[in-house]
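I sat down with this one to see how it is put together. These are my notes, in the order I looked things up.

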Amino acid sequence: MQGFLDKMNEGIRKLMAGRYGGDQLGTVLVVISLIFSILANWLGRWMTVVALILLVLAFARMFSRNYEARRKENRVFLQAVAQPGKVIHRQRVKFANRKTKAYVRCPHCHAEFALPKGKGHLRATCPKCGEKSEHTV
Ligand SMILES: [Zn+2]
């Protein structure tokens, strides 16, 4: 049994030598493919086709020898998901601080910043452009 596993490991290592392997984009493709193939039971057979295409794409990337192109794809993907991630993070912070902080916008550059809540009328300096503005919080 051990011999068989060793041979299998050796086989996998030889197969993957010089190949790109997995990355975040690859993982997401496989996960979406799995979700689609499960949802296909309720939402229609076309989702099975999409799932299969995504899976083939994921494997094609994994076995690719073109590191440069695969890295670039993954970088573009990570940048695309980072933006909404930041927005969601900001919303979470605002929600967590909703009792102690009021969020106001600078009337000059429209940057958003926090002021202590319930302090009445405040004169604030924008942290981005330095303009002074008045806010009631
Ligand atoms: Zn400003």
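**Entry 1: the helices**

I began in the middle of the helical part, asking what the buried residues of α3 pack against, and found α2 and α4. A reminder to myself before going on: this is a predicted model.

Which residues of α3 are the buried ones? I listed Ala51, Leu54, Ala58 and Arg61. They span an arc of only 90 degrees around the axis, so they sit on the same side of α3. That fits the textbook picture: an α-helix has 3.6 residues a turn, so residues three or four places apart point the same way. On the face of α3 turned away from its buried side I noted the exposed residues Trp46 and Val56. I also checked the length of α3: its 17 residues reach 25 Å from first C-alpha to last, close to the 24 Å expected at 1.5 Å a residue.

**Entry 2: α2**

Next I went to α2, residues 24-43. This helix has 20 residues and reaches 27 Å between its first and last C-alpha, close to the expected 28 Å. Where is the kink in α2 centred? I found it on Ser37, with an angle of about 25 degrees.

I then pulled out the buried residues of α2, which are Leu25, Gly26, Leu29, Ser33 and Phe36. They pack against α3 (46-62) and α4 (67-96). I had already seen the contact from the other side, with the buried residues of α3 packing against α2 and α4.

Ile38 is also in helix α2. Buried or exposed, I wondered about Ile38? I counted 12 other C-beta atoms within 10 Å, so Ile38 is exposed. Just after α2, Gly44 takes a positive phi of about 115 degrees.

**Entry 3: α4**

How many of the 30 residues of α4 are buried? The number is 1, so α4 lies largely in the open. From first C-alpha to last, α4 reaches 42 Å, close to the 44 Å expected at 1.5 Å a residue.

**Entry 4: from one domain to the other**

I looked up the domain assignment, which gives domain 1 as 1-95 and domain 2 as 97-137. The C-alpha centres of the two domains lie 43 Å apart.

Asn97 caught my eye in the loop between α4 and β1. With 13 other C-beta atoms within 10 Å, Asn97 is partly exposed. I took two distances from Asn97, C-alpha to C-alpha. To Ile38, 59 residues away along the chain, the separation is 39 Å. To Pro116, 19 residues apart in sequence, I got 9.9 Å.

**Entry 5: the β1-β2 hairpin**

I moved on to strands β1 (residues 101-105) and β2 (residues 112-116), which run antiparallel and are joined by 5 bridges. For the register, I wrote down that Arg105 stands opposite Glu112 in β2, and that Val104 stands opposite Phe113.

The two strands form a hairpin with 6 residues between them. His110 lies in that loop between β1 and β2. I paused over its backbone: the phi of His110 is near 65 degrees, a positive value in a residue other than glycine. His110 has 10 C-beta neighbours inside 10 Å, so I marked it as exposed.

**Entry 6: the β3-β4 hairpin**

What is the sense of pairing between β3 and β4? I found it antiparallel, over 5 bridges, with β4 covering residues 132-136. The bridge partner of His121 in β4 is Thr136. This hairpin has 6 residues between its strands, and Gly130 in the turn has a positive phi of about 85 degrees.

Last lookup: how many of the 5 residues of β3 (121-125) are buried? The number is 0, so β3 lies largely in the open.

How values were computed
Residues numbered from 1 in each chain as written. Predicted model: local features only at pLDDT ≥ 70, side-chain atom pairs only at ≥ 80, totals over all residues. Domains from an automatic or database assignment. Helix = DSSP H or I, 4+ residues; strand = E, 2+ residues; numbered from the N terminus. Expected span 1.5 Å × (residues − 1). Bend = angle between axes of the 7 residues up to and from the residue. Buried ≥ 20, exposed ≤ 12 C-beta atoms within 10 Å, placed from the backbone. Contact = placed C-beta atoms within 7 Å. Pairing = 2+ DSSP bridges. Arc of directions from axis to C-beta.
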